[in-house]
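Here are a few exercises to work through with the model open beside you. Try each task before reading its solution.

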Amino acid sequence: MYIEKLTLANIGPHKNLEISFAKGLNGIVGANGAGKSTIVNSIYAALTNDFDRLGKTKKDVVHFNTDEPSFIQVEGQHQNKPFVLRRAVSPSSGTIFSIGDLSYIKGDVNDAISQHLNVSKDIIDNYVFVDQWQMFQFLSQTPAERAKAFQYLCGTEVVTNIHKACSNFVTKRGHTVI
């Protein structure tokens, strides 16, 4: 998945903000209170529908409690399909997710994100948007747990399955060379 653009409307200190991201590593630099964390936490909120990192309630997230619509919009690509994810904050109706030719609204959005972007809240929490002090938490996992997470994150489980199938075939056939 590649996030190309983030749009914030009346979120935190940002009245109207549009950021385009380059592929690879991007840096966010600014003074204290400028809204750097709001940018990162908004992407997290859009992907997970968990606004706790932005404020105690969605109402706390809105820029100066304005009556103007507030939303977070993330646009990107996943497996060469464009996607748009828009989380309405205030009013709370209007959350949509579209990927390719498919569109989802409200209650179907979270399941659709997990299905089409192949990311769950657990993966996002444990490997993508981790707190600084939890960055190396994966080191306390067993080697098997780390390997499974690595396979999932890097998409190598298919290769592992092919290797297992070939090994099983060779074991059953004896000395067959593939």
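**Exercise 1.** In which loop is Asn-80 found?

Before solving it, note that this is a predicted model, where local features need pLDDT of at least 70, side-chain atom pairs count only at pLDDT 80 or more, and totals for chains, interfaces and linings use all residues. Residues are numbered from 1 along each chain as its sequence is written, and side-chain values use heavy atoms, with hydrogens and water left out.

*Solution.* Step one: locate Asn-80 in the loop between β3 and β4 (strands are DSSP runs of E, at least two residues; helices are runs of H or I, at least four; both are numbered from the N terminus). Step two: check the backbone, where Asn-80 has a positive phi of about 65 degrees although it is not a glycine. Step three: Asn-80 has a relative accessible area of 75%, and it therefore counts as exposed (over 50%; buried is under 20%, partly exposed in between; 1.4 Å probe, protein chains only).

**Exercise 2.** Find which residues of helix α3 (residues 109–116) are buried, and explain their placement.

*Solution.* Start with the buried set: Val-109, Ala-112, Ile-113 and His-116. These cover an arc of only 100 degrees around the axis (taken from the directions from the helix axis to the C-beta atoms), so they sit on the same side of α3. Next, turn to the other side of α3, where Asp-111 and Gln-115 are exposed. Finally, look for packing partners: the buried residues of α3 pack (heavy atoms within 4.5 Å) against α1 (36–48), β3 (70–78), β4 (81–90), β5 (96–99) and β6 (102–105).
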